[in-house]
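Thanks for making time this morning. Please bring up the sequence and the structure, and I will talk through a few places in it.

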Amino acid sequence: MNFIPLRVLIVEDSAEDALQVTRELKRAGYQVEFERVTAAENMAVALHRCAWDAVLADHSMPGFDGLTAFRTLTQSQLDIPFILLSAKMPEEKAAEFMRLGVRDCILKSNVGRLVPVLARELRDAEVRRKRREAEEALRDTNEKLRVLVSSSPSAIITWDPAGTVTMWNAAATRLFGWNENEVIGRPNPITVGTEDAVQFDRLFAEKWQEMTVIDIEMQCATRHGTLIAISLRAAPLRNRNGEAVGVMGIASDITERKRVENHREDLIRELEAKNAELERFTYAVSHDLKSPLITVKGFLSLIEHEAMAGEYANLPNYIERVNRASDKMSDLLDDLLQLSRAGRFTHPPEEVRLDVLVRDVLDMLSGRIATQKAQVTVSGQLPAVQAVRPRLSQVLENLIDNAVKFARPGSEPRIEIGAQPREDDVVIFVRDDGIGVNPKDQQRVFDLFDKLDPKTEGSGIGLALAKRIVESHGGRIWVESEGQGRGSTFFFTLPHTPVHPDPGPSPSCSRETTSKDTTRA
């Protein structure tokens, strides 16, 4: 027979009664280990000397009774089944003891009843022990989760099906700006404010019950209105029936990563554009250089042939043609050299007074302007800008020269130069009433060597050069025109410096007072 170990603390003044109890327990299959105490102080010490399975106490002893023994056990805060044994006890007294927490009351004359009562109480005690262990384990787990959530570098948020925030950790406060007490019990602030956030909220509303883990990158607004990029992993919180009762989201700030990625993509696009430009450049250079070389080679062959035949009448014409082809090649190479230098600055940008620079450029182009009888108007007050002065002079020279050159046949060109200061930059424009640019060609005019009319003078580098110079200053350049014969306006932007313009006119300009306050060249 396998005996069940049992440790019992017996509070009893009668050694015989104590032995009777232990014999009854042994007959029931228990291997009894016990200690008998007769006073409260002895009981208090004995309770902590051993892990007892039960306490059996006599109801009435000289100077020490069962109720006092029960209170001694209660003060020890030990969860041990306590059973009273009594020679006689009225039922109402027994009921009173059990209301106080005594597990059962048994008459000594019916000690056989002790075995099933004790077995029941041992089972109940084991259930309570396991519950305490589970609760303690749960408290430990909850504490670990609390520490994990509170110390996590990632924002951790939970919200219910209605979108109400139920948890908000310190990292969420650092990332989004709202404190915990500002968001708990309120709508989730990261699901509003941006189009990404609204779509995210709509997705959860539509896919709530069947939702699984979702990884998403989105843009959202902080408490202060700053837009940030976050990586969010969201998963449903389910009850024991598998029903979604909430969502937990873990968010990380990826704003810097997205900035780097976007910058990398910009660099890739820029590199692709540079490669395409290089291909066009290579083709155009080979084509445009080959043309004068073919001319030179052809006429040199004619010179050789006719000189050997003694025919000299055409030689001056042939030599002139060779010289013109050589000059064309030299001009083309000079333009290419300018283009190669356009994006590189030997000096840093400085404050440049547009009013002074425009007068200098107009003075330099005064011969062509006079020949074409062009009327150039400088509108309003021109501000100062941050630029490399020689490079900016090239841009204005190209735009003004083109405005004069591409006038409508038989007309006297009218050209307006002005600027529109904005918060961060200045928009500078050169407007003419010339032949105009068709909308489909308004991007093409800035391509290298791409002349809309091959018969016009020049190499086709001028606007490409202007574009490269403006972009190297951090600005952009574009053209607006209503089409053929409707004139054109070329715009470009530069960083500005607010200073007072120089009021004095240059020697080549006269001052007039009009409704626009203009200066005419």
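In which loop does Gln77 lie? Gln77 sits in the loop between helix H3 (66–76) and strand E4 (82–86), where helices (H or I, at least four residues) and strands (E, at least two) are DSSP runs numbered from the N terminus. Before going further, I should say that this is a predicted model, in which local features need pLDDT of at least 70 and side-chain atom pairs count only at pLDDT 80 or more, while totals for chains, interfaces and linings use all residues. Residues are numbered from 1 along each chain as its sequence is written, and side-chain values use heavy atoms, with hydrogens and water left out.

The phi of Gln77 is near 60°, a positive value in a residue other than glycine, and at 73% relative accessibility Gln77 counts as exposed (buried is under 20% relative accessible area, exposed over 50%, partly exposed in between, with a 1.4 Å probe and protein chains only). Lys373, in the loop between helix H12 (366–371) and strand E12 (375–379), also is not a glycine and has a positive phi of about 55°.

Turning to the interior, the largest nonpolar core, meaning a set of buried Ala, Val, Leu, Ile, Met, Phe, Trp, Tyr and Cys residues joined through side-chain atoms within 4.5 Å, has 41 residues, and Leu396 is among those with the most contacts inside it. Helix H13 (residues 389–405) gives the largest share of this core, seven residues. Leaving aside neighbours within four places in sequence, Leu396 is in contact (heavy atoms within 4.5 Å) with residues including Val361, Ile428 and Phe492.
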